[in-house]
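Let's take a walk through a protein, starting with its overall make-up and then moving into its interior. Keep the structure open beside you as you read.

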Amino acid sequence: MARHVLRLAYARNYMRGSTLHELIAAVLVLAASGLGAAVSSDLFSSEVEHATAAPVGPGATGAKVLRAQILLGCARFSPGEIDGRYGDDLGIAIRGYQEDHGLKPTGVIDAEMWKLLDSHTGPLLVSYTITAADVKGPFERTPSNVADQASLKWMGYESPQEGLGEKFHMSPKLLAQLNPGKKLDTAGEQITVVNVRLTPARRASRVVVSKSRRTVTAFGVGNRLLAQYPATMGGPHDPLPIGNWKIVSVTRNPWFYWDPVHFWNVDPEKAAEKLPPGPRNPAGVVWMGLSKPHYGIHGTPDPGHVRHGESYGCIRLTNWDANDLSHMVVRGTPAILEE
């Protein structure tokens, strides 16, 4: 979005003919409450949990891909929305991790990279008991008309499944596949979720936005890479404003000031609107304003399409990545937007 006027089968299927859905459907949840209990040791979850040397590259799906996505997420090389499939977001996360660890940036996880990733311990699939807050809502479809959006009090999730997916960095589809027969809208239901465990965020000395890579990278003291996130940024009509800028504000649950003058494909005669906050607000859950007026780094209501499209000039991350980055920056943090 642009302007604060604002703007996720195996690498090969274990059994010929079996699908990702059929394989994941075998996952069973331990009879334990709360987040943190490991799931039972069925075939699929065992593949996710146990170290492997099998390569993961373009076209791969299934348990090993899911393992890679979770481990890279824990290492703060975000794969975007976790879905068990090798896509562009996972590819750029793999290459970033390889470069940072002195490996050849092939975009394919080999035995050497697995050894590094597998140094991260702990269960990757855990059980979670749905809470009353998870299903409280209100849940309603977001109107397509901007004027109707402005009439809402909160731009929230359209379903508990959507909210739970975002809570655990997963696509709603993967959440359903991991939990066949489970009631994802019922408090007390025990489900299986991915377990992306992050260490406390460190202070960033600068943030670099790369137009060619379509990434946002945070660096700390000594040029240490702290995190890399996939991002949507600009387009032919609203190009990324290349230059050296600074973070001038961090606003959580921002309002979105929609004005047709800032959108090339909108009727300029339409009335300006003020859209309420919420995870489905066009700026998502946090806005990090830049010293370039009307531009910022922010979340998105559509995490499945980050890095796959264009924005109205600004830098768009998944809500969870934007939230993570927002704890690394302060007013005055340099933000370098480069080709």
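Here is a short tour of the whole protein, its cores, one helix and its sheet.

**The big picture**

What you're looking at is a predicted model. Its secondary structure comes to 9 helices and 13 strands. The protein has 339 residues, and 53% of them are buried. On the outside, about 14,800 Å² is exposed, with carbon and sulfur atoms supplying 52% of that area.

**Two cores**

Now for the inside. The largest nonpolar core has 44 residues, and the ones that touch the most other members are L66, I70, L72 and V194. Several elements give two or more residues to this core, among them helix 2 (43-49), helix 4 (88-100), strand 1 (125-129) and strand 2 (190-194). Helix 3 gives the most, with 8 residues. There is also a second, separate core of 34 residues, which includes V209, F256, V286 and V329.

Try clicking on V194 in the largest core. Which residues is V194 in contact with, once you leave aside its neighbours within four places in sequence? They are L66, I70, I82, L124, L125, F168 and M170.

**A closer look at helix 3**

L66 and I70 from that contact list both belong to helix 3, where they are buried. In fact, 12 of the 12 residues in helix 3 are buried. That includes K64, R67 and Q69 as well as residues such as V65 and L71. In general, an α-helix has 3.6 residues a turn, so residues three or four places apart point the same way. What do the buried residues of helix 3 pack against? Their partners are helix 2, helix 4, helix 5, strand 1, helix 8 and strand 2.

From its first C-alpha to its last, helix 3 reaches 17 Å, close to the 16 Å expected. Just after the helix ends, R76 takes a positive phi of about 65°.

**The sheet**

Next, find the open sheet of 9 strands, which has mixed pairing and the order 5-4-3-13-7-10-11-12-6. Strand 5 (225-230) and strand 6 (232-233) stand at the edges with a single partner strand each, so one side of each has no neighbour in the sheet. Generally, strands of a sheet pair through backbone hydrogen bonds, either parallel or antiparallel. Here are three of the antiparallel pairs:

| Strand pair | Sense | Bridges |
|---|---|---|
| Strand 6 and strand 12 | antiparallel | 2 bridges |
| Strand 7 and strand 10 | antiparallel | 5 bridges |
| Strand 10 and strand 11 | antiparallel | 3 bridges |

You can check some of these residue by residue: M233 has I315 in strand 12 as its bridge partner, I247 has L290 in strand 10, and W287 has H298 in strand 11.

Strand 10 is worth a pause. V286, M288 and L290 point one way from the strand, while W287 and G289 point the other way, and all are buried. The hairpin of strand 10 and strand 11 has 5 residues between the strands, and H294 takes a positive phi near 75° there.

**Helices on the sheet**

Finally, look at what packs on the sheet. Helix 4 touches strand 4 (215-219) and strand 5, and its direction makes about 160° with that of strand 5. Helix 9 (residues 319-326) lies across several strands, including strand 3, strand 7 and strand 11, and runs at about 55° to strand 10.

How values were computed: Residues are numbered from 1 along each chain as its sequence is written. This is a predicted model: local features need pLDDT of at least 70, side-chain atom pairs count only at pLDDT 80 or more; totals for chains, interfaces and linings use all residues. Side-chain values use heavy atoms; hydrogens and water are left out. A nonpolar core is a set of buried Ala, Val, Leu, Ile, Met, Phe, Trp, Tyr and Cys residues joined through side-chain atoms within 4.5 Å. Buried means under 20% relative accessible area, exposed over 50%, partly exposed in between (1.4 Å probe, protein chains only). Helices (H or I, at least four residues) and strands (E, at least two) are DSSP runs, numbered from the N terminus. Contact means heavy atoms within 4.5 Å. The expected span of a helix is 1.5 Å times one less than its number of residues. Two strands pair if DSSP finds at least two bridges between them. Axes are lines fitted to C-alpha atoms, for helices over the stretch in contact, and angles run from 0 to 180 degrees between N-to-C directions. Accessible areas come from the Shrake-Rupley method with a 1.4 Å probe; for residues, only the protein chains shown count as cover.
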